[in-house]
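Colleague: I should like to go through this model with you and ask, for several of its descriptions, on what grounds they are given. Please set each value against its criterion before you conclude.

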Amino acid sequence: MSAILSAVKADSAAASVQTGLAEGADAFYRMPVLMSVVAGSLLQIVGVYWDIAWHIEVGRDKLFSAPHIAILAGIGFVGVSAILALSYGERNPAIKRSATLVLLGVAIQVVALAVVDDWWHRVYGIDATLWSPPHLLTLFAASVALFGFLLGAVYGSASVPRSKSIAVLGIGLANLLILTNVALAEYDFSFPQFRLAYQPVVLGATTIFCLVLAKRIVRRSATATIVAGAFMLLRLAMWPVLGALGRSSRPYFPAAIVAGIVIDLATMRGGSPSDGKKSETVHVAVTSLVATVAFLLAETLFASALEDAFGLPPSPYGMHSFVTGGIPAIVAGTVAGLAGFRLASLVQSVSKETAIW
Amino acid sequence: VIVDRRFLDRLIIASVIASVTAVLAIDTHAAARVVMQQEGGWKGRGPLAVKPLEGTETVEYSFELSTRPVPGEATRIVIRGVDRSMRRDAWIYGQLRSECIKVDGDSCRYDYVHQVGSSSRLGHFAAPYSPDAGGVVINLEWPSVGTYRGYLRMIDGDRLAMATLRVEAGAGEPDDDTYEQRLPLSLLGRTIPRQSSGTPPPGWLKPAAYALLAILAAAGVWLVLSTPKQIGRRSEGRPPGRESK
């Protein structure tokens, strides 16, 4: 292991000398790091949906069930990616901080899932919900870890070809959208355990937050649409994957692309004032509000269409949930859009190359 | 309208704490009802019966069947609150399938109920609250004569209730009688103590866990917001960049 890390450090130093950039700035773009992150993220996503389908169809049996092993392995891969990034950029404070954030998230995930969650199930039994404290802590820690990766990728974006930085950031941001939407998995499987009014609130907030964040970090004309489309494709891919794993449950996936199109259109039409102006905040708030309304209304039609086309179980994603949760959802989506905007501004402050996006 | 960025930061952290605390308050309220009572065994008369989970408190709901379940005919089932009216965002879901129909050897074939208007083929059914009916209305069709078993879950406000379900579908013509009865459902509160341990966890445990979660989440948000600033300071405003052209 030490020999591998030494080779990694030598490789990093040589690359930095050649490009003249801060040493190890491209740590999060190195192929071993990217492969570990992608593998880890996919394992976690598949593991989570597999686990929920397992809970519904089989029940929770033990800590080391097959889906749990997939999730823990995924967390392990992300941890490895952070260690590799630390090795590539050990003399670079920005990379060290970003990788440390990833490692911190991974460590909390492991403790929350393997220790606290197991204890929680022993105390509260098999029928605990996805919104139990250990589960929510795991999801939150995973988001922190992914944010660490995104931060490192934004920092190093100027040290790699533009197309590569856009692709990596796009994948990372789509992954963040998937991860935050995992919180709604029980609704997606038509197996909700909390009242329906919460579903549009969480859906609106997580989706608009991630898409505004994506749009503000990668300033391309169709960023939000592409990120939302990638999210929907990956979620659709869960169907054959779960089928191959022997589960018959097929989780619903939201029509996030509608929100993505609205956010992209709002920016394309010249409504986005230049950075630093107060009116920009107002523009983001209005865009987020309109995107949330359009998204939630489209959701009711999309849910019905998916059910008819693919024989999904009757879905809680319908007009009935928006009747009770619609107004709080629109408020939540607007506030979340502003939060995404603010976070993007902070993330951009680590790189001067924002003009290229 | 001008929004200060520091105000936004505080708003984000406050939102995290408020959201988690809201879940804490709601969930704790439901969990408080969970007590150890023995309520085992099938309850009900006529074609519909339910079986609450052992070791849970129960709550009664009214079940009204429009007719005796008969293959080829839809049965309208209306479920209403008894001790209080149902909440407007109530939701009921479940699954019903026949008992094992032997095909060859030990392999089984199952017939699944079909909810009218649904394309689900595996016996899943679900419906929201209907203001017109004052409850949840489910229309089910029975593919064959026999006993159908499954489960029913209900979200009604902060209640999460469930029971095992059994329905007898008979031969012949549907009758004009309506079957109405009060049946008990288990109140889950999302916190069923394991039967093996027998004793429920202390009441303060769950609120404390959610409170700790809220604190950790707020700390995490603070960390996420402060790290980019720290990176910017460390780099003295000179992060790596391409040479200007």
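Modeller: Of the 357 residues in chain A, 62% are buried. The model is a predicted one, and the share is computed from it.

Colleague: What makes a residue of chain A count as buried?

Modeller: Buried means that the relative accessible area is under 20%. In chain A, 62% of the residues meet that criterion. The accessible surface of chain A comes to about 12400 Å², and 71% of this area belongs to carbon and sulfur atoms.

Colleague: What is the secondary structure of chain A?

Modeller: Chain A has 13 helices and zero strands. Read along the sequence, its pattern is therefore written with α alone, where a helix is a DSSP run of at least four residues. As for contacts in chain A with a separation of 6 or more, 77% of them join residues 24 or more positions apart.

Colleague: Let us turn to single residues. Why is His135(A) called buried?

Modeller: The relative accessibility of His135(A) is 14%, and buried means under 20%, so His135(A) counts as buried. This residue is in helix H5 of chain A.

Colleague: How do you know that the side chains of His135(A) and Asp117(A) make a polar contact?

Modeller: The distance given for the two side chains is 3.0 Å, and the limit for a pair of N or O atoms is 3.5 Å. The pair therefore falls within the limit and is listed as a polar contact. Leaving aside neighbours within four places in sequence, His135(A) is in contact with Asp117(A), His121(A), Thr129(A) and Leu130(A).

Colleague: Is Tyr93(B) buried or exposed, and what is the value?

Modeller: Tyr93(B) has a relative accessible area of 2%, and the cut-off for buried is under 20%, so Tyr93(B) is buried. The residue belongs to strand S4, residues 91-98 of chain B.

Colleague: Which residues are in contact with Tyr93(B), its neighbours within four places in sequence left aside?

Modeller: They include Ser190(A), Phe191(A) and Pro192(A) from chain A, and Phe125(B), Tyr151(B) and Leu152(B) from chain B. In addition, a polar atom of the Tyr93(B) side chain lies 2.6 Å from the backbone oxygen of Pro192(A).

Colleague: Why is Val103(B) described as partly exposed?

Modeller: Its relative accessibility is 45%; buried means under 20% and exposed means over 50%, so Val103(B) lies in between and counts as partly exposed. Val103(B) sits in the loop between strand S5 (101-102) and strand S6 (108-109) of chain B. With neighbours within four places in sequence left aside, Val103(B) is in contact with Cys108(B) and Arg109(B).

Colleague: Now to the empty spaces. What makes a space a cavity, and how many are there?

Modeller: A cavity is a set of points where a 1.4 Å probe fits but cannot get out. The structure holds five cavities of 30 Å³ or more. The largest cavity has a volume of about 90 Å³. Ten residues line the largest cavity, and Arg216(A), Ile263(A), Thr267(A), Val284(A) and Thr287(A) are the closest to its centre. Helix H12 of chain A gives the largest share of this lining, four residues. By class, the lining comprises three nonpolar, five polar and two charged residues.

Colleague: How do you know the class of each residue that lines the second largest cavity?

Modeller: The lining consists of Leu48(B), Phe63(B), Ile77(B), Ile79(B), Leu96(B), Phe125(B), Ile138(B), Leu140(B), Leu152(B), Leu165(B) and Val167(B). Leu, Phe, Ile and Val count as nonpolar, so the lining divides into eleven nonpolar, no polar and no charged residues. The volume of the second largest cavity is about 70 Å³.

Colleague: Why is the space of about 1400 Å³ called a pocket rather than a cavity?

Modeller: A pocket is an open set of points, whereas the probe cannot get out of a cavity; the space is therefore listed among pockets, as the second largest. This pocket is lined by 38 residues, and those nearest its centre are Ala205(A), Thr206(A), Ser15(B), Val16(B) and Ser19(B). Helix H1 of chain B supplies the largest share of the lining, eight residues. By class, the lining has 33 nonpolar, five polar and no charged residues.

Note on methods. Residues are numbered from 1 along each chain as its sequence is written. Chains are lettered from A and ligands numbered from 1 in the order in which they are written. This is a predicted model: local features need pLDDT of at least 70, side-chain atom pairs count only at pLDDT 80 or more; totals for chains, interfaces and linings use all residues. Side-chain values use heavy atoms; hydrogens and water are left out. On a 1 Å grid over the protein atoms alone, a cavity is a set of points where a 1.4 Å probe fits but cannot get out, and a pocket is an open set with protein on both sides within 12 Å along at least five of seven lines; lining residues have an atom within 4 Å of a point. Grid points are joined across faces, edges and corners, and a volume is the space filled by probe spheres set on the points. Helices (H or I, at least four residues) and strands (E, at least two) are DSSP runs, numbered from the N terminus. Buried means under 20% relative accessible area, exposed over 50%, partly exposed in between (1.4 Å probe, protein chains only). Contact means heavy atoms within 4.5 Å. A polar contact is a pair of N or O atoms within 3.5 Å; within protein, one must be able to donate a hydrogen and the other to accept it, and residues adjacent in sequence count only if both atoms are side-chain atoms. Accessible areas come from the Shrake-Rupley method with a 1.4 Å probe; for residues, only the protein chains shown count as cover.
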